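Please work through the exercises below with the structure at hand. Each task is followed by a solution in steps.

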Amino acid sequence: MEPYPLRFKPVLKQTLWGGRLLGEQLGKPIGDDANYAESWEVVDHGTDQSIVQSGCLAGKSLRELLLNHREWLMGDAEDDQFPLLLKYLDCNRVLSVQVHPSDDYGAKMTIPDRGKTEAWYIVAAKPDSVVYAGLKSGVGETELRNAIEQGTADEVLHQFHPQPGSCVFIPAGTVHALGAGLLVAEIQQSSDTTFRLFDWNRVDSKGNARELHIQAGIDVTDFGRGPVQPIQVKEGVHAWQTLVMCDKFVLRAFDSGPQPRLGEEFGDDDHFHIITVPKGTATLTTENEEIQLSTGDSLLLPAALGKVRIDLAANSTALKMIAV
(Lines give C-alpha, C1' and ligand atoms only; values in the text may rest on other atoms or scores of the structure.)
Protein backbone atom coordinates (compact mmCIF):
# COMPACT_ATOMS: atom_id res chain seq x y z
CA MET A 1 0.00 0.00 0.00
CA GLU A 2 1.41 3.37 -1.00
CA PRO A 3 2.07 5.42 2.17
CA TYR A 4 0.59 8.89 2.44
CA PRO A 5 0.05 11.54 5.19
CA LEU A 6 -3.07 10.78 7.20
CA ARG A 7 -5.54 13.53 8.10
CA PHE A 8 -8.16 12.61 10.69
CA LYS A 9 -11.56 13.91 11.71
CA PRO A 10 -11.14 15.69 15.08
CA VAL A 11 -12.83 14.13 18.10
CA LEU A 12 -14.51 17.07 19.86
CA LYS A 13 -15.16 17.16 23.61
CA GLN A 14 -17.49 19.52 25.47
CA THR A 15 -16.98 20.35 29.16
CA LEU A 16 -17.86 23.14 31.58
CA TRP A 17 -14.52 24.90 31.04
CA GLY A 18 -14.62 25.03 27.22
CA GLY A 19 -15.39 27.92 24.88
CA ARG A 20 -15.51 28.78 21.15
CA LEU A 21 -11.83 29.16 20.18
CA LEU A 22 -11.43 25.68 18.71
CA GLY A 23 -13.73 26.81 15.92
CA GLU A 24 -12.93 30.50 15.77
CA GLN A 25 -9.11 30.26 15.83
CA LEU A 26 -8.35 26.69 14.77
CA GLY A 27 -11.15 26.01 12.27
CA LYS A 28 -12.58 22.97 14.05
CA PRO A 29 -16.16 21.97 13.10
CA ILE A 30 -17.81 22.90 16.39
CA GLY A 31 -21.54 23.39 16.84
CA ASP A 32 -23.44 26.31 18.33
CA ASP A 33 -22.67 25.59 22.00
CA ALA A 34 -20.22 27.66 24.00
CA ASN A 35 -18.43 24.84 25.83
CA TYR A 36 -16.14 23.14 23.28
CA ALA A 37 -13.08 22.27 25.36
CA GLU A 38 -10.94 19.75 23.46
CA SER A 39 -10.20 18.64 19.91
CA TRP A 40 -8.48 15.25 19.91
CA GLU A 41 -6.42 15.30 16.72
CA VAL A 42 -4.68 11.92 16.85
CA VAL A 43 -6.09 9.34 19.26
CA ASP A 44 -6.39 5.59 19.77
CA HIS A 45 -7.90 5.17 23.22
CA GLY A 46 -10.87 2.87 23.73
CA THR A 47 -13.91 4.22 21.91
CA ASP A 48 -12.12 7.50 21.18
CA GLN A 49 -10.71 6.86 17.73
CA SER A 50 -9.26 9.03 14.99
CA ILE A 51 -10.94 8.28 11.64
CA VAL A 52 -9.05 8.81 8.37
CA GLN A 53 -10.68 11.52 6.27
CA SER A 54 -9.43 10.73 2.76
CA GLY A 55 -7.41 8.45 0.52
CA CYS A 56 -7.55 4.66 0.26
CA LEU A 57 -7.87 4.34 4.06
CA ALA A 58 -10.80 6.78 4.39
CA GLY A 59 -13.19 5.67 7.11
CA LYS A 60 -10.63 3.48 8.89
CA SER A 61 -9.86 4.09 12.56
CA LEU A 62 -6.37 4.49 13.95
CA ARG A 63 -6.85 1.23 15.86
CA GLU A 64 -7.68 -0.58 12.60
CA LEU A 65 -4.51 0.79 11.01
CA LEU A 66 -2.47 -0.40 13.96
CA LEU A 67 -3.99 -3.88 13.81
CA ASN A 68 -3.84 -4.34 10.03
CA HIS A 69 -0.88 -2.21 8.93
CA ARG A 70 1.36 -2.11 11.99
CA GLU A 71 4.78 -1.98 10.34
CA TRP A 72 3.53 0.44 7.65
CA LEU A 73 2.28 2.77 10.38
CA MET A 74 4.66 2.20 13.29
CA GLY A 75 7.94 0.88 11.87
CA ASP A 76 9.50 -1.59 14.28
CA ALA A 77 7.54 -0.33 17.33
CA GLU A 78 5.62 -3.13 19.06
CA ASP A 79 2.86 -1.20 20.88
CA ASP A 80 -0.63 -2.78 20.81
CA GLN A 81 -2.06 0.74 21.18
CA PHE A 82 -0.98 3.91 19.44
CA PRO A 83 1.23 5.43 22.15
CA LEU A 84 0.57 9.19 21.81
CA LEU A 85 -2.44 11.50 21.86
CA LEU A 86 -2.44 14.99 20.36
CA LYS A 87 -5.15 17.46 21.30
CA TYR A 88 -5.99 21.17 21.36
CA LEU A 89 -7.61 22.69 24.45
CA ASP A 90 -9.68 25.88 24.79
CA CYS A 91 -9.37 26.83 28.46
CA ASN A 92 -12.20 29.35 28.65
CA ARG A 93 -12.34 28.72 32.41
CA VAL A 94 -9.68 27.42 34.78
CA LEU A 95 -9.25 23.64 34.78
CA SER A 96 -9.17 21.60 37.97
CA VAL A 97 -5.90 21.02 39.82
CA GLN A 98 -4.79 17.56 38.68
CA VAL A 99 -2.04 15.01 38.77
CA HIS A 100 -1.46 11.98 36.54
CA PRO A 101 -0.03 8.58 37.49
CA SER A 102 3.02 6.78 36.17
CA ASP A 103 2.84 3.73 33.91
CA ASP A 104 3.47 1.41 36.88
CA TYR A 105 0.57 2.87 38.87
CA GLY A 106 -1.72 2.94 35.82
CA ALA A 107 -1.10 -0.74 35.11
CA LYS A 108 -2.33 -1.67 38.61
CA MET A 109 -5.60 0.30 38.49
CA THR A 110 -8.96 -1.49 38.41
CA ILE A 111 -9.26 -0.51 34.76
CA PRO A 112 -5.61 -0.47 33.66
CA ASP A 113 -4.34 2.43 31.58
CA ARG A 114 -1.04 4.00 30.64
CA GLY A 115 0.41 6.67 32.85
CA LYS A 116 0.24 10.21 31.56
CA THR A 117 3.26 12.36 30.86
CA GLU A 118 2.39 15.41 28.76
CA ALA A 119 3.63 18.71 27.37
CA TRP A 120 1.77 21.92 26.53
CA TYR A 121 2.53 24.38 23.76
CA ILE A 122 0.85 27.73 24.46
CA VAL A 123 -0.88 28.81 21.24
CA ALA A 124 -2.53 31.92 22.67
CA ALA A 125 -2.79 33.48 26.12
CA LYS A 126 -4.67 36.42 27.56
CA PRO A 127 -2.37 38.78 29.49
CA ASP A 128 -3.68 37.73 32.90
CA SER A 129 -3.86 33.99 32.22
CA VAL A 130 -1.99 31.65 34.55
CA VAL A 131 -0.32 28.26 34.31
CA TYR A 132 0.02 26.24 37.51
CA ALA A 133 2.94 23.84 37.08
CA GLY A 134 4.44 21.93 39.97
CA LEU A 135 4.42 22.57 43.70
CA LYS A 136 6.27 25.45 45.30
CA SER A 137 9.64 24.54 46.80
CA GLY A 138 9.31 22.84 50.16
CA VAL A 139 5.66 21.81 49.76
CA GLY A 140 5.12 18.25 50.96
CA GLU A 141 2.15 15.96 51.49
CA THR A 142 0.96 17.71 54.66
CA GLU A 143 1.03 21.17 53.11
CA LEU A 144 -0.74 20.01 49.96
CA ARG A 145 -3.45 18.14 51.85
CA ASN A 146 -4.08 21.08 54.18
CA ALA A 147 -4.33 23.52 51.26
CA ILE A 148 -6.87 21.28 49.52
CA GLU A 149 -8.97 20.93 52.67
CA GLN A 150 -8.89 24.72 53.25
CA GLY A 151 -9.78 25.51 49.63
CA THR A 152 -6.48 27.33 48.99
CA ALA A 153 -4.62 24.89 46.75
CA ASP A 154 -3.43 27.73 44.50
CA GLU A 155 -1.25 29.01 47.37
CA VAL A 156 1.02 25.93 47.22
CA LEU A 157 1.25 25.76 43.41
CA HIS A 158 4.04 27.32 41.38
CA GLN A 159 2.44 29.68 38.87
CA PHE A 160 3.37 32.07 36.08
CA HIS A 161 1.85 34.08 33.23
CA PRO A 162 2.70 32.14 30.05
CA GLN A 163 3.61 33.67 26.72
CA PRO A 164 2.41 32.37 23.34
CA GLY A 165 5.10 30.11 21.94
CA SER A 166 6.18 28.72 25.31
CA CYS A 167 6.21 25.04 26.22
CA VAL A 168 5.55 23.44 29.61
CA PHE A 169 6.66 19.86 30.34
CA ILE A 170 4.47 17.96 32.82
CA PRO A 171 5.88 14.51 33.68
CA ALA A 172 3.60 12.04 35.46
CA GLY A 173 3.39 12.95 39.15
CA THR A 174 3.49 16.73 38.56
CA VAL A 175 0.59 18.67 40.12
CA HIS A 176 -0.76 21.14 37.56
CA ALA A 177 -3.66 23.17 36.18
CA LEU A 178 -4.29 25.29 33.11
CA GLY A 179 -5.80 28.68 33.89
CA ALA A 180 -8.53 30.57 32.06
CA GLY A 181 -7.74 32.38 28.81
CA LEU A 182 -5.38 29.81 27.28
CA LEU A 183 -5.43 28.02 23.93
CA VAL A 184 -3.08 25.05 24.13
CA ALA A 185 -1.72 22.21 22.00
CA GLU A 186 -1.03 19.16 24.16
CA ILE A 187 0.98 16.04 23.38
CA GLN A 188 0.66 13.21 25.87
CA GLN A 189 0.76 9.50 26.36
CA SER A 190 -2.41 7.82 25.11
CA SER A 191 -4.19 7.83 28.46
CA ASP A 192 -7.26 9.43 29.96
CA THR A 193 -6.37 8.89 33.63
CA THR A 194 -6.58 12.01 35.77
CA PHE A 195 -6.77 12.42 39.54
CA ARG A 196 -8.56 15.64 40.46
CA LEU A 197 -7.16 17.20 43.63
CA PHE A 198 -9.06 20.51 43.73
CA ASP A 199 -11.77 22.15 41.62
CA TRP A 200 -11.68 25.73 42.87
CA ASN A 201 -14.72 25.16 45.16
CA ARG A 202 -17.03 25.02 42.11
CA VAL A 203 -20.51 23.53 42.20
CA ASP A 204 -23.05 22.88 39.44
CA SER A 205 -26.54 24.34 39.13
CA LYS A 206 -27.77 21.84 41.73
CA GLY A 207 -25.06 22.71 44.22
CA ASN A 208 -23.03 19.54 43.59
CA ALA A 209 -19.25 19.57 43.43
CA ARG A 210 -17.31 17.40 40.98
CA GLU A 211 -15.71 14.25 42.36
CA LEU A 212 -12.21 14.62 43.78
CA HIS A 213 -9.54 11.90 44.02
CA ILE A 214 -7.43 13.35 46.82
CA GLN A 215 -5.80 10.23 48.26
CA ALA A 216 -5.05 8.68 44.87
CA GLY A 217 -3.70 12.03 43.67
CA ILE A 218 -1.42 12.42 46.68
CA ASP A 219 -0.27 8.81 46.28
CA VAL A 220 1.03 9.49 42.75
CA THR A 221 2.41 13.01 43.36
CA ASP A 222 6.15 13.46 42.94
CA PHE A 223 6.91 15.76 45.88
CA GLY A 224 10.51 16.12 44.76
CA ARG A 225 9.54 17.62 41.41
CA GLY A 226 9.20 21.24 42.53
CA PRO A 227 8.38 24.25 40.32
CA VAL A 228 8.22 23.79 36.54
CA GLN A 229 9.53 26.59 34.35
CA PRO A 230 8.40 27.25 30.74
CA ILE A 231 10.60 26.75 27.69
CA GLN A 232 10.32 29.49 25.07
CA VAL A 233 10.44 28.73 21.35
CA LYS A 234 12.88 31.01 19.54
CA GLU A 235 11.38 32.79 16.54
CA GLY A 236 12.96 32.58 13.12
CA VAL A 237 15.56 29.91 13.92
CA HIS A 238 16.25 27.99 10.70
CA ALA A 239 16.09 24.57 12.39
CA TRP A 240 13.86 22.37 14.48
CA GLN A 241 14.13 23.25 18.17
CA THR A 242 13.88 20.42 20.70
CA LEU A 243 11.40 21.43 23.42
CA VAL A 244 10.97 18.10 25.22
CA MET A 245 13.00 14.90 25.04
CA CYS A 246 11.81 12.32 27.55
CA ASP A 247 11.29 8.55 27.74
CA LYS A 248 7.77 8.85 26.21
CA PHE A 249 8.09 11.29 23.31
CA VAL A 250 10.18 13.97 21.64
CA LEU A 251 8.56 17.33 20.85
CA ARG A 252 10.19 19.78 18.45
CA ALA A 253 9.11 23.16 17.07
CA PHE A 254 9.91 25.03 13.86
CA ASP A 255 9.07 28.74 13.86
CA SER A 256 9.43 31.02 10.85
CA GLY A 257 9.38 34.41 12.53
CA PRO A 258 8.51 37.34 10.20
CA GLN A 259 9.97 35.67 7.08
CA PRO A 260 8.92 32.44 5.30
CA ARG A 261 11.23 29.51 6.05
CA LEU A 262 12.15 26.40 4.08
CA GLY A 263 12.24 23.36 6.29
CA GLU A 264 14.82 20.61 6.53
CA GLU A 265 13.94 17.12 5.35
CA PHE A 266 12.99 14.58 7.99
CA GLY A 267 11.50 11.10 8.20
CA ASP A 268 12.72 7.83 6.64
CA ASP A 269 13.83 6.85 10.17
CA ASP A 270 11.47 3.95 10.97
CA HIS A 271 9.29 6.26 13.14
CA PHE A 272 5.85 7.69 12.63
CA HIS A 273 5.70 11.49 12.97
CA ILE A 274 2.82 13.68 14.12
CA ILE A 275 2.72 17.19 12.67
CA THR A 276 0.46 20.06 13.71
CA VAL A 277 0.39 23.76 12.82
CA PRO A 278 -0.76 25.80 15.83
CA LYS A 279 -0.03 29.13 14.13
CA GLY A 280 0.00 30.31 10.51
CA THR A 281 0.22 28.05 7.47
CA ALA A 282 2.63 25.48 6.07
CA THR A 283 3.28 23.21 3.08
CA LEU A 284 4.22 19.57 3.56
CA THR A 285 6.03 18.06 0.57
CA THR A 286 6.32 14.29 0.08
CA GLU A 287 7.70 12.35 -2.87
CA ASN A 288 4.25 12.37 -4.47
CA GLU A 289 2.37 15.48 -3.37
CA GLU A 290 2.22 18.87 -1.69
CA ILE A 291 -0.25 19.33 1.16
CA GLN A 292 -1.34 22.77 2.35
CA LEU A 293 -1.79 23.04 6.11
CA SER A 294 -3.83 25.79 7.77
CA THR A 295 -3.85 26.87 11.40
CA GLY A 296 -4.98 23.95 13.55
CA ASP A 297 -4.35 21.26 10.93
CA SER A 298 -2.67 18.02 11.99
CA LEU A 299 -1.25 15.01 10.14
CA LEU A 300 0.06 11.59 11.07
CA LEU A 301 2.96 10.54 8.84
CA PRO A 302 3.31 6.73 8.70
CA ALA A 303 6.76 5.24 9.25
CA ALA A 304 6.68 3.91 5.68
CA LEU A 305 6.29 7.36 4.14
CA GLY A 306 9.96 8.20 3.74
CA LYS A 307 11.44 11.68 3.73
CA VAL A 308 9.24 14.79 3.77
CA ARG A 309 9.79 18.52 4.14
CA ILE A 310 7.68 21.19 5.76
CA ASP A 311 7.96 24.83 4.68
CA LEU A 312 6.45 27.64 6.72
CA ALA A 313 4.80 30.89 5.68
CA ALA A 314 5.77 34.01 7.61
CA ASN A 315 4.69 34.11 11.26
CA SER A 316 3.98 30.38 11.38
CA THR A 317 4.87 27.50 13.69
CA ALA A 318 4.88 23.73 13.21
CA LEU A 319 5.22 21.11 15.93
CA LYS A 320 6.64 17.66 15.30
CA MET A 321 6.27 14.68 17.64
CA ILE A 322 7.57 11.11 17.74
CA ALA A 323 7.23 8.36 20.34
CA VAL A 324 10.28 6.99 22.13
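**Exercise 1: Charges over rings**

Lysine 13 lies over the face of tryptophan 40, at 4.5 Å from the ring centre. The model is a predicted one. Task: determine which lysine lies over the face of tryptophan 240, and at what distance from the ring centre.

Solution. Step 1: locate the ring of tryptophan 240. Step 2: the residue over its face is lysine 320, at 4.4 Å from the ring centre. Step 3: a charge counts as sitting over a ring if NZ of Lys is within 6 Å of the ring centre and within 35 degrees of the ring normal.

**Exercise 2: Classifying aromatic pairs**

Task: classify the pair of phenylalanine 82 and phenylalanine 272, and state where each residue lies.

Solution. Step 1: the count of aromatic pairs comes to seven. Step 2: the ring centres of phenylalanine 82 and phenylalanine 272 are 4.5 Å apart and the planes stand at 40°. Step 3: planes under 30 degrees apart count as stacked and over 60 as edge-to-face, so the remaining pairs are tilted; this pair is therefore tilted. Step 4: phenylalanine 82 belongs to the loop between helix H3 (70-74) and strand E7 (84-91), and phenylalanine 272 to the loop between strand E19 (265-267) and strand E20 (273-279), so the pair ties together parts 190 residues apart in sequence.

Task: classify the pair of phenylalanine 169 and phenylalanine 249 in the same way.

Solution. Step 1: the centres lie 6.5 Å apart, with 90° between the planes. Step 2: the pair is edge-to-face. Step 3: phenylalanine 169 is in strand E12 (residues 166-170) and phenylalanine 249 in strand E18, 80 residues apart.

**Exercise 3: Burial and the core**

Task: decide whether phenylalanine 82 is buried or exposed, and list what it touches.

Solution. Step 1: buried means under 20% relative accessible area. Step 2: phenylalanine 82 has 0%, so it is buried. Step 3: not counting residues up to four places away in sequence, its contacts include Val42, Leu62, Arg114, Phe272 and Leu300. Step 4: in the largest nonpolar core, of 40 residues, Phe82 is among those touching the most other members, as are Leu6 and Leu251. Step 5: another core, of 23 residues, lies apart from it and includes Met109 and Leu144.

**Exercise 4: The sheet**

Task: give the strand order of the five-stranded open sheet and name its edge strands.

Solution. Step 1: the order is E17-E18-E25-E20-E23, with antiparallel pairing. Step 2: strand E17 (241-245) and strand E23 (298-301) are the edges, since each pairs on one side only. Step 3: from one strand to the next the twist averages 20°.

Note on methods: Residues are numbered from 1 along each chain as its sequence is written. This is a predicted model: local features need pLDDT of at least 70, side-chain atom pairs count only at pLDDT 80 or more; totals for chains, interfaces and linings use all residues. Side-chain values use heavy atoms; hydrogens and water are left out. Two strands pair if DSSP finds at least two bridges between them. Helices (H or I, at least four residues) and strands (E, at least two) are DSSP runs, numbered from the N terminus. Axes are lines fitted to C-alpha atoms, for helices over the stretch in contact, and angles run from 0 to 180 degrees between N-to-C directions. A nonpolar core is a set of buried Ala, Val, Leu, Ile, Met, Phe, Trp, Tyr and Cys residues joined through side-chain atoms within 4.5 Å. Buried means under 20% relative accessible area, exposed over 50%, partly exposed in between (1.4 Å probe, protein chains only). Contact means heavy atoms within 4.5 Å. Rings of Phe, Tyr and Trp (its six-membered ring) pair if their centres lie within 6.5 Å; planes under 30 degrees apart count as stacked, over 60 as edge-to-face and the rest as tilted.
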